[in-house]
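This report describes how one protein chain is held together in three dimensions. The reader is invited to follow each section with the sequence and the structure in view.

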Amino acid sequence: MVKVIVENLVKKFKEVIAVDHVSFEVDDGELLTLLGPSGCGKTTTLRCIAGLEEPDKGSIYFDGSIVASEKVSLPPEKRDIGMVFQSYAVWPHMTVFDNIAYPLKLRKMSKSEIKERVSVILDIVRLSGLEGRYPSQLSGGQQQRVALARALVYNPKVLLLDEPLSNLDAKLRESMRLELKEIQKKLRVTTIYVTHDQIEAITLSDKIVILDKGKIQQIGRPKEIYEKPANRFVADFIGFSNLIEGKIVSIDEKNGLAFVETPLGKLICYNTLNLSEGTSVVVAIRPENIIFGGEGYKAKIVTSAFIGDALMYWLKVSDITLCAKAHTSLDLPSGSEVYIQLRPEYCKVVKL
């Protein structure tokens, strides 16, 4: 097991700063996810850790030993990493066994040791009995398991995964997430995972680094990031569909509350970031946390959509449109008027 430290990493492509002073740590056996939209710098960061790109500034350490800096650049084969790509990159002319055994053959291991190691990893990734097949005879999920097994078979110090599930269909992606998490925990290999899928990140990760335009927006545990987004970008990216701009006009420190003046009037919110009076903020509310009925705000239903287990409503409240999620038993026609509640415990103040 290995601890990975990334310090003030900078990577430029001509005039574009792809990675802008990024720093984080991955503890022994931890799974850290680099999460963000396309072009945010997450894959470039991963490639710098792998040795496929050389940083312009900053340093990368594996267990205290420097592997990359402005002066040092250890080649990928010297870093003892396993890597899995989005495209699987399994060799079509080789059997499952030969694909997985290839890194061991390069390391000049004996046939008996190769056979033993491949057998063990086949069992872990649930491919036992398929070692004689070729990739064309496998499903997408099975090919991804082959790629994962090949990356793990020689017990690398660090496992790097670049959008490994994005080519799978939704149902298979969900089951592979659980399998991947189980394998990673079983082997306790230090892992850095790249994705743009927030559900994937929350499901898999011990820790998440959210990136935008090459900069870190927030680092934290999945629950912390989900419940306490640091700013508007994070709140929007992890599913807060309702973002209402306002200004904190007073603070209740004892109860951890902020009173925010908004176009809807004064909202009482949980001040989890301890923002001060006078701060311009965004009040973030998830659709499922808007309560229908009771005393509250008068709203008009603009439109609705059936999403299987629930109904999504778009509501006009004053001059603001809010999105609310409700049980399918609440079937309200467009144009009807309702009352909604925006409870303090569900209203989070975040930075603009």
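With which residue does Glu-337 form a salt bridge? The partner of Glu-337 is Lys-298, and the closest N and O atoms of the two are 3.4 Å apart. Glu-337 lies in strand E18 (residues 337-341) and Lys-298 in strand E15 (residues 291-306), so the pair ties together parts that are 39 residues apart in sequence. Glu-337 is exposed, with a relative accessible area of 54%, whereas Lys-298 is partly exposed at 49%. The model described here is predicted.

**Salt bridges**

Side chains of opposite charge can pair when their charged atoms come close. In this model the count of salt bridges comes to 15. The table presents three of the pairs.

| Pair | Closest N to O distance |
|---|---|
| Glu-53 and Arg-47 | 3.3 Å |
| Lys-185 and Asp-206 | 2.7 Å |
| Glu-337 and Lys-298 | 3.4 Å |

The side chains of Lys-185 and Asp-206 meet in a salt bridge. This pair links distant parts of the chain: Lys-185 is in helix H5 (residues 170-187), while Asp-206 is in the loop between helix H6 (198-204) and strand E9 (207-212), 21 residues apart. Lys-185 is partly exposed, with a relative accessible area of 33%.

Is Glu-53, the partner of Arg-47, buried or exposed? Glu-53 counts as buried because its relative accessibility is 18%, and the cut-off for buried is under 20%. Arg-47 is partly exposed, with a relative accessible area of 28%. Salt bridges can also join into a network, as they do for Arg-126, Arg-145, Glu-179 and Glu-182.

**Cysteines**

A search of the whole structure finds zero disulfides. Cys-48 is in no disulfide, and the nearest cysteine sulfur, that of Cys-40, is 13 Å away. Cys-48 is buried, with a relative accessible area of 0%. Why is Cys-347 not bonded to Cys-269? The sulfur atoms of Cys-347 and Cys-269 are 4.8 Å apart, which is too far for a bond, because a disulfide requires sulfur atoms within 2.5 Å. Cys-347 also counts as buried, at 0% relative accessibility.

**A four-stranded sheet**

Strands of a sheet pair through backbone hydrogen bonds, either parallel or antiparallel. One open sheet in this model has four strands in the order E2-E1-E4-E5, with antiparallel pairing. Strand E2 (16-26) and strand E5 (65-68) stand at the edges, each with a single partner strand, so one side of each is left without a neighbour in the sheet. On average, neighbouring strands of this sheet are turned by 30° against each other, direction ignored.

Within the sheet, strand E1 (residues 4-13) and strand E4 (residues 57-62) run antiparallel and are joined by five bridges. Ile-5 stands opposite Tyr-61 in E4. Helix H1 (residues 42-50) packs on the sheet and touches E1, E2 and E4; the direction of H1 makes about 115° with that of E1.

**Nonpolar cores**

The largest nonpolar core has 35 residues, and those with the most contacts inside it are Ile-100, Val-118, Leu-148 and Leu-159. At least two residues of this core come from each of helix H2 (96-106), helix H3 (111-124), helix H4 (140-152), strand E7 (158-162) and H5. H4 gives the most, with six residues. Beyond residues up to four places away in sequence, Ile-100 touches several others, among them Val-118, Ile-121 and Val-146. A second, separate core of 29 residues includes Val-283, Phe-292, Ala-299 and Cys-347.

Conventions. Residues are numbered from 1 along each chain as its sequence is written. This is a predicted model: local features need pLDDT of at least 70, side-chain atom pairs count only at pLDDT 80 or more; totals for chains, interfaces and linings use all residues. Side-chain values use heavy atoms; hydrogens and water are left out. A salt bridge is a side-chain nitrogen of Lys or Arg within 4 Å of a carboxyl oxygen of Asp or Glu. Buried means under 20% relative accessible area, exposed over 50%, partly exposed in between (1.4 Å probe, protein chains only). Two strands pair if DSSP finds at least two bridges between them. Axes are lines fitted to C-alpha atoms, for helices over the stretch in contact, and angles run from 0 to 180 degrees between N-to-C directions. Contact means heavy atoms within 4.5 Å. A nonpolar core is a set of buried Ala, Val, Leu, Ile, Met, Phe, Trp, Tyr and Cys residues joined through side-chain atoms within 4.5 Å.
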